[in-house]
Amino acid sequence: MEITLAIIKPDSYRNGDTGKIIDRIISEGFNIKEMKQLRLSKEKAEGFYNVHRERPFFSELVDFMCSGNCVVLSLERENAVDKWRTVIGATNPEEAEEGTIRALYGTDTGNNAVHGSDSSENGIIESNYFFLKRD
Ligand code: CMP
């Protein structure tokens, strides 16, 4: 079994798409190991996206992620990382395959509905970033 981290981003949350995305997660065979709703602080968002710190879109990305509530989920499934990336589609919703979550609920590369870990290792690191310490 593999772990991946999913984030339902503030655009999806604001648009009322959270329930539909969680239904999709379940119907695609993921076990929701952990889930919480939160509003990210600037420090927490900057830490999460630290690898992108030098990219030109970094401050826009952090501002967006802090602009409203998110739902963060640690998902478990066989082949969870690749499966979730297939279910969510390309980073840019305009390039995402029909029926993928980003095609259905995203708008553009910034407002792209959901996050997914990019490797098995990062699935664990990112899940620990949100769920290692209990509230
Ligand atoms: P995500 O899967 O959360 O991981 C990194 C995020 O950076 C990505 O989704 C996008 O939302 C964001 N991103 C990538 N490229 C750009 C860009 N050119 N402009 C704004 N945001 C971007």
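**Figure 1. Lys42 and its salt-bridge partner in helix α3.** In this predicted model, Lys42 is partly exposed, with a relative accessibility of 45%. Which residue does Lys42 form a salt bridge with? The partner is Glu46, and the closest N and O atoms of the two are 3.3 Å apart. Both belong to helix α3, which covers residues 42–48. Lys42 and Glu46 are four residues apart in that helix, so about one helical turn separates them. Side chains of opposite charge can pair when their charged atoms come close. This pair is part of a count that comes to four salt bridges.

**Figure 2. A salt-bridge network of Arg24, Glu28 and Lys83.** Here, have a look at three residues that salt bridges link into a network: Arg24, Glu28 and Lys83. Glu28 meets Arg24 through their side chains, with 2.8 Å from N to O. The side chain of Glu28 also forms a salt bridge with that of Lys83, at 3.2 Å from N to O. How far apart in sequence are the parts that the pair of Glu28 and Lys83 ties together? Glu28 lies in the loop between α2 (18–27) and β2 (31–38), while Lys83 is in helix α5 (residues 80–88), so the parts joined by this pair are 55 residues apart in sequence. Is Arg24 buried or partly exposed? Arg24 has a relative accessible area of 21%, which makes this residue partly exposed. The cut-off for buried is under 20%. Lys83, at 23% relative accessibility, also counts as partly exposed.

**Figure 3. The ligand in its pocket.** Where does the ligand sit? You will find the ligand in the largest pocket. The residues that surround the ligand are Lys9, Tyr49, His52, Phe57, Leu61, Thr91, Arg102, Thr109, Gly110, Asn112 and His115. Three of the contacts to oxygen atoms of the ligand are worth a look in this view. Lys9 places a polar side-chain atom 2.7 Å from a ligand oxygen. Thr109 uses its backbone instead, with an N or O atom 3.0 Å from an oxygen of the ligand. Asn112 has a polar side-chain atom at 3.3 Å from a ligand oxygen. How much of the ligand's accessible area does the protein cover? On its own the ligand has 460 Å² of accessible area, and the protein covers 77% of that.

**Figure 4. Ser12 of helix α1 and the backbone of Ala113.** This view brings together a helix residue and a loop residue: Ser12 is in helix α1, and Ala113 is in the loop between α6 and β4 (114–116). The side chain of Ser12 reaches the backbone oxygen of Ala113 at 2.7 Å. Are these two residues buried or exposed? Ser12 has a relative accessibility of 0% and so counts as buried. Ala113 is likewise buried, at 0% relative accessibility. Take a moment for the backbone of Ala113 too: its phi is positive, at about 75 degrees, although Ala113 is not a glycine. Most residues other than glycine have a negative phi.

**Figure 5. Asn79, a loop residue with a positive phi.** Asn79 is found in the loop between β3 (70–77) and α5. What is the phi of Asn79 near? Its value is near 60 degrees, which is positive in a residue other than glycine. Asn79 counts as partly exposed, with 46% relative accessibility.

**Figure 6. Arg14 and Gly68.** The helix that holds Arg14 is α1, covering residues 10–14. How far along the chain is Arg14 from Gly68? The two are 54 residues apart in the chain, and their C-alpha atoms are separated by 7.5 Å. Arg14 is partly exposed, having a relative accessible area of 49%.

**Figure 7. Two buried helix residues, Val62 and Tyr105****.** Val62 is part of helix α4 (residues 58–65). With a relative accessibility of 2%, Val62 counts as buried. Val62 lies 27 Å from Gly99, C-alpha to C-alpha, and the two are 37 residues apart in sequence. Tyr105 belongs to helix α6 (residues 101–105). At 17% relative accessibility, Tyr105 counts as buried. The C-alpha atoms of Tyr105 and Glu78 are 25 Å from each other, with their positions 27 residues apart along the chain.

Key: Residues are numbered from 1 along each chain as its sequence is written. This is a predicted model: local features need pLDDT of at least 70, side-chain atom pairs count only at pLDDT 80 or more; totals for chains, interfaces and linings use all residues. Side-chain values use heavy atoms; hydrogens and water are left out. Buried means under 20% relative accessible area, exposed over 50%, partly exposed in between (1.4 Å probe, protein chains only). Helices (H or I, at least four residues) and strands (E, at least two) are DSSP runs, numbered from the N terminus. A residue is near a molecule or strand if one of its heavy atoms lies within 4 Å of it. A polar contact is a pair of N or O atoms within 3.5 Å; within protein, one must be able to donate a hydrogen and the other to accept it, and residues adjacent in sequence count only if both atoms are side-chain atoms. Accessible areas come from the Shrake-Rupley method with a 1.4 Å probe; for residues, only the protein chains shown count as cover. On a 1 Å grid over the protein atoms alone, a cavity is a set of points where a 1.4 Å probe fits but cannot get out, and a pocket is an open set with protein on both sides within 12 Å along at least five of seven lines; lining residues have an atom within 4 Å of a point. A molecule sits in a cavity or pocket if more than half of its atoms lie within 2 Å of its grid points.
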